[in-house]
Amino acid sequence: MDDREQGFYRFCWGGLLYGLIEIFWRGNTHWTMVLTGGACFWLLDRLDRLTGGEPQAARCVKGALLITAAELMVGLFFNRLLGYTIWDYSDKPFNLYGQICPLYTIYWYFLCYPAFWLLRLLRGGGNPGHRQFTQKSAYKRDCKRAANRV
């Protein structure tokens, strides 16, 4: 499977899973949230590939900030500009335009742990929760590729 197909696959998984999370959490979802969930899952996959050697907590902080930024952009466009009322955090402390708030950034942080685990599982990374294992697996894979070139 090439990189574009994998990206599309990640997008679809992310949209489906986030839509289900929203239905479980709020009782409903919106098509924009399915698309945003897919885009965020794809972006988390890219982030995980770039920062795979960093501690899990650091990657989850970056993931939570990435999701919060996406939430702000989508919220400003659909909720504020187009007038949809998909969500409103105006009643939450320290909210920004009713679109983002620290409480949901914390939720995104904790949601990143299973998201990164699932992304590594989908990539076939062995035990996705164990960084050392995946680094050793990558090293072995690279050694095999180098041996096959000779």
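The following questions and answers explain how terms are applied to this predicted model.

The model is predicted, so local features need pLDDT of at least 70 and side-chain atom pairs count only at pLDDT 80 or more, while totals for chains, interfaces and linings use all residues. Residues are numbered from 1 along each chain as its sequence is written, and side-chain values use heavy atoms, with hydrogens and water left out.

Q: What makes up the pattern of the chain, read along the sequence?
A: The chain reads α-α-α-α-α, with five helices and zero strands. Helices (H or I, at least four residues) and strands (E, at least two) are DSSP runs, numbered from the N terminus.

Q: Why is T51 called buried or exposed?
A: Buried means under 20% relative accessible area, exposed means over 50%, and partly exposed lies in between (1.4 Å probe, protein chains only). T51 has a relative accessible area of 8%, so T51 is buried. This residue is found in helix α2 (residues 31–51). Leaving aside neighbours within four places in sequence, T51 is in contact (heavy atoms within 4.5 Å) with R59 and K62.

Q: Why does M33 count as buried?
A: The relative accessible area of M33 is 5%, and therefore M33 is buried. M33 also has its place in helix α2. Residues up to four places away in sequence not counted, M33 touches Y18, E22, V74, I86 and W87. The C-alpha atoms of M33 and Y18 are separated by 7.5 Å, although the two are 15 residues apart along the chain.

Q: How much of the chain counts as buried?
A: Of the 150 residues of the chain, 33% count as buried.

Q: What is notable about the phi of F94?
A: Most residues other than glycine have a negative phi. F94 is not a glycine, yet its phi is positive, at about 60°. F94 lies in the loop between α3 and α4. Because its relative accessibility is 74%, F94 counts as exposed.

Q: Which class of exposure does Y97 belong to, and why?
A: Y97 has a relative accessible area of 49%, so Y97 is partly exposed. Y97 lies in the loop between α3 and α4 and has a positive phi of about 55°, although it is not a glycine.

Q: Why is the pair of Y109 and F110 called edge-to-face?
A: Rings of Phe, Tyr and Trp (its six-membered ring) pair if their centres lie within 6.5 Å; planes under 30 degrees apart count as stacked, over 60 as edge-to-face and the rest as tilted. By this rule the count comes to 12 aromatic pairs. The ring centres of Y109 and F110 are 5.0 Å apart and the planes stand at 80°, so the pair is edge-to-face. F110 has 53% relative accessibility and therefore counts as exposed.

Q: Which residues form one aromatic cluster?
A: One aromatic cluster is formed by Y18, W25, W87, Y89, Y104, Y107 and W108.

Q: How do the axes of helix α3 and helix α4 cross?
A: The axes of α3 (residues 56–81) and α4 (residues 102–122) come within 8 Å and cross at roughly 115°. Axes are lines fitted to C-alpha atoms, for helices over the stretch in contact, and angles run from 0 to 180 degrees between N-to-C directions. Residues making the contact include C60, A64 and I67 of α3 and W108, C112 and F116 of α4.
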